[in-house]
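Me: Could you take a close look at one part of this model for me, the place where two helices cross? A plain walk-through is fine.

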Amino acid sequence: MALIVLVVWALGSSACHGPDEPVDREASKAAQTSQHSSPQPQIVAVDAVKMGTRFDIQVAHHDQAAAASAIDAAYEEIDRLEELLSEWREDSQISEVNRQAGQGPLSVGPELLEVVTRALELSQLTDGAFDITFATCGHLWSVGQQRIPSEQEIADCLPHIDYRNVVVDQEESTIELIGERTRIGIGAIGKGYGVDRAAQVLSDRGIDDFIVDGGGDLRASGQRFGRPWRAAIAHPRSPDEFLAVVELWDRSFVTSGDYERYFESDGVRYHHIIDPATARPARASIATTVIADDTTTADALSTAFFVLGPTEALAIAGDLPGVEVLLVTADMEVHQTPGMENYLIDDRRR
Ligand code: ADP
Ligand code: MG
């Protein structure tokens with residue numbers, strides 16, 4: 001999903017001028033030595049590759065040194081989480097949980113316990129459309145190697161996808177995977193969790209006005225020079241266009257799509273969002289954008305709604321306070337919850 005969403009600087013006529021201009025962090029440090037902090041807020045922006053995607057953190061604050069140091073601390077938190085939660089690291093806790101499948105409970109730290117607990121709640125809420133045990137069959141597919149599994153491989157694997165095979169014991173702080181073949185993967189929720197934790201670090205340091213963008217998984221807090229932060233919803237089939245722009249007040253915003261990690265074979269697009277009911281790429285949507293109270297929830301729901309398609313996605317979102325969805329189907333039909341209107345400021349479909 002990297003780069004499908006960009007913070008829009010250029011939409012307002014005054015954007016990118018004067019105090020709106022993002023301040024280069026090194027330059028701002030140098031400026032700090034020769035003058036006192038300006039009482040006017042300025043933007044301090046730092047980007048970095050984390051969790052396999054490009055993160056961008058922007059803070060609007062009058063004390064640039066304090067903003068830069070808070071951003072450093074936020075990135076340190078993301079690094080710490082990545083060590084615990086990365087499925088690609090042999091020594092991470094999640095890799096250990098997967099190695100222990102079918103062999104009883106394993107003690108884990110509070111972070112993995114929290115992510116997995118929330119993941120299971122969201123599986124229940126979405127009737128298994130979001131399911132971290134998709135990973136049991138996920139390895140059969142490879143976008144990078146353009147690998148398509150055989151019917152036999154899928155039939156053999158599918159019965160082992162079931163979030164009820166993940167047992168969390170809050171008191172003991174353990175996770176148990178029932179069945180030797182069960183695997184979990186948190187690719188559709190871990191980044192949102194990382195964004196939430198980074199945002200918490202900024203808040204704890206007294207920073208109120210910021211945006212944390214983890215490659216499209218985005219948390220906006222407070223304001224930017226008296227206006228809400230803005231984000232754009234990319235057009236899923238036209239990389240240079242966007243569908244709409246939203247304004248966000250203390251909200252999270254996440255998009256899932258089939259247009260960044262995919263390959264085509266015989267005219268069929270194979271992408272990275274798997275329908276747990278079939279163990280194949282989901283076909284009900286081509287893009288979903290979710291707004292929610294927190295990024296962990298928005299991340300998981302954007303994936304779940306992608307799998308479910310418009311009817312079920314809008315029904316579930318309609319029952320969840322604070323949750324809005326905009327969903328695009330393969331024929332470019334756009335479906336959205338009524339409350340989405342409250343966020344859209346520049347709707348290119350009209
Ligand atoms: P992105 O990877 O672009 O951020 P998503 O948030 O939708 O997009 O996450 C997709 C990732 O989530 C996949 O790469 C995979 O690791 C994992 N995943 C795929 N299908 C599911 C599913 N049905 N439930 C939970 N996780 C999934
Ligand atoms: Mg997601």
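Reply: Sure, let's start with the crossing: the axes of helix H2 (residues 64–85) and helix H4 (residues 110–125) come within 10 Å and cross at roughly 75 degrees. That makes H2 roughly perpendicular to H4, a label used for angles of 65 to 115 degrees. The axes here are lines fitted to C-alpha atoms over the stretch in contact, with angles running from 0 to 180 degrees between N-to-C directions. Helices are DSSP runs (H or I) of at least four residues, numbered from the N terminus.

On the H2 side, Leu81, Leu84 and Leu85 do the touching, and they meet Glu111, Leu112 and Val115 of H4. Contact means that C-beta atoms, placed from the backbone, lie within 7 Å. Sorted by class, the contact of H2 with H4 has five nonpolar residues, one charged and no polar. Nonpolar covers Ala, Val, Leu, Ile, Met, Phe, Trp, Tyr, Cys and Pro, charged covers Asp, Glu, Lys and Arg, and the others, Gly among them, are polar.

For a bit of context, look at helix H7 (residues 190–204) too. Eleven of its 15 residues are buried, so H7 is largely enclosed by the rest of the structure; Tyr193 and Leu202 are among them. Buried means 20 or more other C-beta atoms within 10 Å of a residue's own. Just after H7, Gly206 takes a positive phi of about 80 degrees.

A word on reading all this: the model is predicted, local features need pLDDT of at least 70, side-chain atom pairs count only at pLDDT 80 or more, and totals for chains, interfaces and linings use all residues. Residues are numbered from 1 along each chain as its sequence is written.

Note on methods. Chains are lettered from A and ligands numbered from 1 in the order in which they are written. A residue is buried if 20 or more other C-beta atoms lie within 10 Å of its own, exposed if 12 or fewer, and partly exposed in between; C-beta atoms are placed from the backbone. Helices (H or I, at least four residues) and strands (E, at least two) are DSSP runs, numbered from the N terminus. Angles under 35 degrees count as roughly parallel, over 145 as roughly antiparallel, 65 to 115 as roughly perpendicular and the rest as oblique. Two residues are in contact if their C-beta atoms, placed from the backbone, lie within 7 Å.
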